[in-house]
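Here's a quick briefing to read alongside the model. Have the viewer open and follow along as you go.

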Amino acid sequence: MSRAKRKMDHINYALSTGQCRATWLDCVRFVHQALPGIGVADVSLEPKTGDLKLKSPVFINAMTGGGGSETLQLNAMLARAAKETGIAMAVGSQMAALKDKQERESYQIVRKENPNGTIFGNLGSEATVEQALEAVEMIEADALQIHLNVVQELTMPEGDRQFRGALDRIARIAEALHVPVIVKETGFGISQETAVALDNTQVAAIDASGFGGTNFASIENERRKRKLAYFEDWGIPTAAAIVECRNGFSRTVLASGGLQDAGDVVRALRLGADAAGIAGSFLKHAVSLGEAGLIDEINGLHEDVRMLMTALGACTIEDIRSAPAVINGELLSHLKQRGFE
Ligand code: FNR
């Protein structure tokens, strides 16, 4: 199967399998404060994410590139929406463009459309230092995401079967690059153990990217005859993955995996994330509502986060972390058994 066809399959199956809403974020219930003591104008949406240069607590997470004109159009639209709303954007894996120069345009369009915006490059953990340097240069990236996707690869009929040496390669890339490195999952979550291993490198940030949104085991199963059904319910739900990361990593923690609205974003920030990435939900809006509709959605999301922060009495993103909340159900059970109370 051609790479272009696989990229389009991923987009189409991501849209059709949708978001499974199993993030456990609903287990977080804020305790209403009738005297919040602040007003809407007091709220700042700018997170503290160090070198990542984020102006908003939400960003467009890695999706696509390298699949021909359709992915080029989609990336151009996402880039214009990111520029218009002042949010950061990650491109999809650039490995295709490292292997075939003709594929570069669909990534470089993102920088062309948004010359001064914050843009993250993206590669898998099989990448070498040279490839990482080239990926950053290709789009003048402000940071490089390195994705971990073992379960996706195992479910993918033509996927990788060997995962040795990834941590060493990541450590070497983080040392060599002049821009921050973000290590992310792709919807199965990062555990405390993995976060600790990454904390011992110079990686600047980790993105928990938990279970409960786009499900790459379901997507890859759509593409194979004999299904690996056991992987469809595999992974750390996003709410738990954020806490796992916060307890293992001392620098910036990003949240993603199934975030759809401001309620999800604010709960993720409450659990310890510094900012939040959205992929599948923005893809759905881009395809169903078009560019203007996506821009309205992002502006609406900012407005809603501001409203929720006002109700919580939180002037800054950091203040959200101390907002009183009760944790219920499966999330509570997970946190107790993992010793995170
Ligand atoms: C992705 N994702 C992804 N991640 C990555 O690091 N490199 C990539 O190339 C891709 N490709 C990709 C394609 C499509 C169509 C989707 C929907 C997603 C994963 C993405 O960044 C994110 O980690 C997961 O999708 C979970 O977040 P959502 O989609 O539930 O918000």
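**Where helices meet, and what sits around the ligand**

On the α11 side, Ala 262, Gly 263, Val 265 and Val 266 make contact with Leu 301, Asp 304, Val 305 and Leu 308 of α12. Sorted by class, the residues of that α11–α12 contact come out as six nonpolar, one polar and one charged. Keep in mind that this is a predicted model. The bullets below start with the rest of that contact, then go on to other helix pairs, the barrel and the ligand.

**α11 against α12**

- Helix α11 covers residues 262-270, and its axis lies 9 Å from that of α12, at an angle of about 55 degrees.
- Angles of 35 to 65 degrees fall in the oblique class, so α11 and α12 count as oblique to each other.
- As for handedness, α11 and α12 cross in a right-handed way.

**α2 against α12**

- Helix α2 (residues 69-85) also packs on α12: the two axes come within 9 Å and cross at roughly 15 degrees.
- The cut-off for roughly parallel is under 35 degrees, and α2 and α12 are therefore roughly parallel to each other.
- The crossing of α2 with α12 is right-handed.
- α2 brings Leu 74, Met 77, Leu 78, Arg 80, Ala 81, Glu 84 and Thr 85 to this contact.
- Facing them from α12 are Ala 286, Glu 291, Leu 294, Ile 295, Ile 298 and Asn 299.
- Eight nonpolar, two polar and three charged residues make up the contact of α2 with α12.

**α5 against α7**

- For helix α5 (residues 129-139) and helix α7 (residues 166-176), the axes come within 9 Å and the crossing angle is roughly 50 degrees.
- That makes α5 and α7 oblique to each other, therefore, and their crossing is right-handed.
- Val 129, Ala 132 and Leu 133 form the α5 side of the contact, while Arg 172, Ile 173 and Ala 176 form the α7 side.
- The class split for α5 with α7 is five nonpolar, no polar and one charged.

**The barrel**

- Eight strands close up into a barrel, and the order to trace is β2-β3-β4-β5-β6-β7-β8-β9.
- The pairing in the barrel is parallel, with a twist that averages 30 degrees from one strand to the next.
- To look at one pair, take β8 (residues 252-255) and β9 (residues 275-278): these strands run parallel and are joined by two bridges.
- Within that pair, Ala 255 sits opposite Ala 276 of β9.

**Around the ligand**

- Which residues are the closest to the ligand? They are His 147, Gly 213, Thr 214, Ala 279 and Gly 280, out of 28 residues that surround the ligand.
- The elements giving two or more residues to the shell are α1 (3-17), β5 (143-147) and α12 (280-312).
- Class by class, the shell around the ligand holds eight nonpolar, 19 polar and one charged residues.
- So if you're tracing α12, you'll meet it in the ligand shell, in the contact with α2 and in the contact with α11.

Conventions:
Residues are numbered from 1 along each chain as its sequence is written. This is a predicted model: local features need pLDDT of at least 70, side-chain atom pairs count only at pLDDT 80 or more; totals for chains, interfaces and linings use all residues. Axes are lines fitted to C-alpha atoms, for helices over the stretch in contact, and angles run from 0 to 180 degrees between N-to-C directions. Helices (H or I, at least four residues) and strands (E, at least two) are DSSP runs, numbered from the N terminus. Angles under 35 degrees count as roughly parallel, over 145 as roughly antiparallel, 65 to 115 as roughly perpendicular and the rest as oblique. A crossing is left-handed if the near helix is turned anticlockwise from the far one by less than a right angle, and right-handed if clockwise. Two residues are in contact if their C-beta atoms, placed from the backbone, lie within 7 Å. Ala, Val, Leu, Ile, Met, Phe, Trp, Tyr, Cys and Pro count as nonpolar, Asp, Glu, Lys and Arg as charged, and the others, Gly among them, as polar. A residue is near a molecule or strand if its C-beta atom, placed from the backbone, lies within 6 Å of it. Two strands pair if DSSP finds at least two bridges between them.
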